[in-house]
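Hi everyone, thanks for coming. I'd like to walk you through a structure that may be new to you, so please have a look at it with me.

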Amino acid sequence: MTHLSNYGNDRLGLYTFVNLANFLKCWTNLRLHTLPPLELALHYFSLFPEQRNPLWQNPCDDKRHKDIWSKEKTCDRLPKFMVVGPQKTGTTALYLFLLMHPSISSSFPSSKTFEEVQFFNTNNYHKGIDWYMEFFPVPSNVSTDFLFEKSANYFPSEDTPRRAAALLPKAKILTLLINPSDRAYSWYQHQRAHEDRAALRFSFYEVISANQHSASELRSLQNRCLGPGLYHTHLERWLRYYPPSQMMIIDGQQLRNDPAAVMDEVQKFLGVSPHFNYSQALTFDPQKGFWCQLLDGGRTKCLGKSKGRRYPPMDPESRDFLSRFYRDHNIDLSKLLHRLGQPLPAWLREELQKVR
Ligand code: A3P
């Protein structure tokens, strides 16, 4: 009965419900009650609290849904792949390089969340899939166009892999990993540049070495600084929902040093065509100190000031602290990569050497 409104335009449906109610009143001892829609919904969810949290699936995967799906709607405005982060590993560079490919288009920027859609990891999820699909253009050719989105906070999010796999079970997932110690330091510098009060107040060492007696703002900063670097834990969660064949784990250090080689691998993994020659389209900009897009006339288009920042190197005490902090996680990560038949990135091999 709670779903009566679904059949609101179906007069036979209403007729059936009215007669069913009359039948029950006449022939059984059941007492029927009704409530206005909002109260009815509240009552329903108090009886079935587990249903408060929806899990959106692709409406077009079920013929019954597709049959009642409006003619104006499509299920093609969904990504074929996602760059999931974590933050500060080179996700913006990868995003820019992907956009250079003629068959790849991204989601429209969101003004609210630093351009990223951030659907699966936030309350945006409750806005529903129509809201999500509005962020994507209608592809001109569904089989050859590749839509994607990049939300760097998806990687460490508890909810995201389950929600993403329910809606996009065939999507490919791209993640970038750099040395988690460097990632933590880059993130701290990013917070300072954004004038985060706690990051301006506390030194990097104070942040990473905070303990249960430390101020709560310091501990919260510490969690956000160190948590995404627990790569093994997050990857295992993604692998509970996506097969390894749909996941690409990219060495962020390699993307930084040799982006053309990485982009060749990415193109192969995605199965995108035509093959785009990144070694001709990218050039190293000595002033920026990073690889940038090569434009007509030899000019370059590099990422803005907020990417590839200049800041002093990490102090040895912090580096040592973090190597010890991430030690077991890095060992677990190396076992996981081994299990997946993937080579170990140079930074991981260096960290493992320190363990011996
Ligand atoms: P720093 O600014 O600390 O050097 P993200 O885009 O995920 O936030 O990552 C930002 C990091 O990407 C930068 O961190 C930088 O080291 C790295 N990066 C890799 N390739 C880059 C490129 N071609 N241009 C700028 N930054 C790049």
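How many helices and strands are there in the chain? There are 16 helices and 8 strands. Before we go further, please keep in mind that this is a predicted model. The chain has 356 residues, and 42% of them count as buried. As for its dimensions, the C-alpha trace spans about 80 × 55 × 40 Å along its principal axes.

Let's go to the ligand.

Which pocket does the ligand take up? The space that the ligand fills is the largest pocket. Two elements each give two or more residues to the shell around the ligand, namely α4, residues 91-99, and β7, residues 290-294. Of the elements, α4 gives the most to that shell, with 4 residues.

If you zoom in, you'll find 17 residues surrounding the ligand. The closest are Thr-91, Thr-92, Ser-186, Gly-308 and Tyr-311. What kinds of residues make up the shell, by class? The shell has 6 nonpolar, 7 polar and 4 charged residues.

Now for some individual atom pairs, and I'll begin with the backbone. A polar backbone atom of Gly-308 lies 2.8 Å from an oxygen atom of the ligand. Arg-309 also places a polar backbone atom 3.0 Å from a ligand oxygen. With Arg-256 we turn to a side chain: one of its polar atoms is 3.2 Å from an oxygen atom of the ligand. How much of the ligand does the protein cover? On its own the ligand has 570 Å² of accessible area, and the protein covers 95% of that.

Let me use Arg-256 as a stepping stone to another part of the chain. Its partner in this comparison is Gly-13, which sits in helix α1, residues 11-27. How far apart are the C-alpha atoms of Gly-13 and Arg-256? They are separated by 61 Å, and the two residues are 243 residues apart along the chain. Is Gly-13 buried or exposed? Gly-13 counts as buried because its relative accessible area is 14%, and the cut-off for buried is under 20%.

Next, some backbone geometry. Most residues other than glycine have a negative phi, and most peptide bonds are trans. With that in mind, where should we look for cis bonds? One is the peptide bond from Gly-85 to Pro-86, with omega near 5°. Pro-86 is in the loop between β1, residues 81-85, and α4. Another cis bond runs from Ser-273 to Pro-274, with omega near 0°. You'll find Pro-274 in the loop between α13, residues 259-270, and α14, residues 278-281.

Back in the loop between β1 and α4, we also meet Lys-88. Phi of Lys-88 is near 75°, a positive value in a residue other than glycine. Lys-88 counts as buried because its relative accessibility is 14%.

Gln-118 also has a positive phi, near 50°. Gln-118 lies in the loop between β2, residues 104-106, and α5, residues 129-133. With a relative accessible area of 10%, Gln-118 is buried.

Let's move along to the far end of the numbering. Ser-323 is part of helix α15, which covers residues 316-339. Why does Ser-323 count as buried? Its relative accessibility is 9%, and buried means under 20%. The side chain of Ser-323 makes a polar contact of 3.1 Å with the side chain of Lys-354.

After α15 comes a loop that leads to α16, residues 346-355, and Pro-345 is in this loop. Pro-345 is buried, with a relative accessible area of 12%. Its C-alpha atom is 32 Å from that of Phe-202, and the two residues are 143 apart along the chain.

My last stop is Ala-171, in the loop between α6, residues 160-167, and β4, residues 172-177. Ala-171 has a relative accessible area of 3%, so Ala-171 is buried. How far apart are Ala-171 and Phe-148 in space? From C-alpha to C-alpha they are 9.3 Å apart, with their positions 23 residues apart in sequence.

To go back to where the ligand sits: it takes up the largest pocket, and α4 gives 4 residues to the shell around it. Thanks for listening, and I'm happy to take your questions.

Notes:
Residues are numbered from 1 along each chain as its sequence is written. This is a predicted model: local features need pLDDT of at least 70, side-chain atom pairs count only at pLDDT 80 or more; totals for chains, interfaces and linings use all residues. Side-chain values use heavy atoms; hydrogens and water are left out. A residue is near a molecule or strand if one of its heavy atoms lies within 4 Å of it. A polar contact is a pair of N or O atoms within 3.5 Å; within protein, one must be able to donate a hydrogen and the other to accept it, and residues adjacent in sequence count only if both atoms are side-chain atoms. Accessible areas come from the Shrake-Rupley method with a 1.4 Å probe; for residues, only the protein chains shown count as cover. On a 1 Å grid over the protein atoms alone, a cavity is a set of points where a 1.4 Å probe fits but cannot get out, and a pocket is an open set with protein on both sides within 12 Å along at least five of seven lines; lining residues have an atom within 4 Å of a point. A molecule sits in a cavity or pocket if more than half of its atoms lie within 2 Å of its grid points. Ala, Val, Leu, Ile, Met, Phe, Trp, Tyr, Cys and Pro count as nonpolar, Asp, Glu, Lys and Arg as charged, and the others, Gly among them, as polar. Buried means under 20% relative accessible area, exposed over 50%, partly exposed in between (1.4 Å probe, protein chains only).
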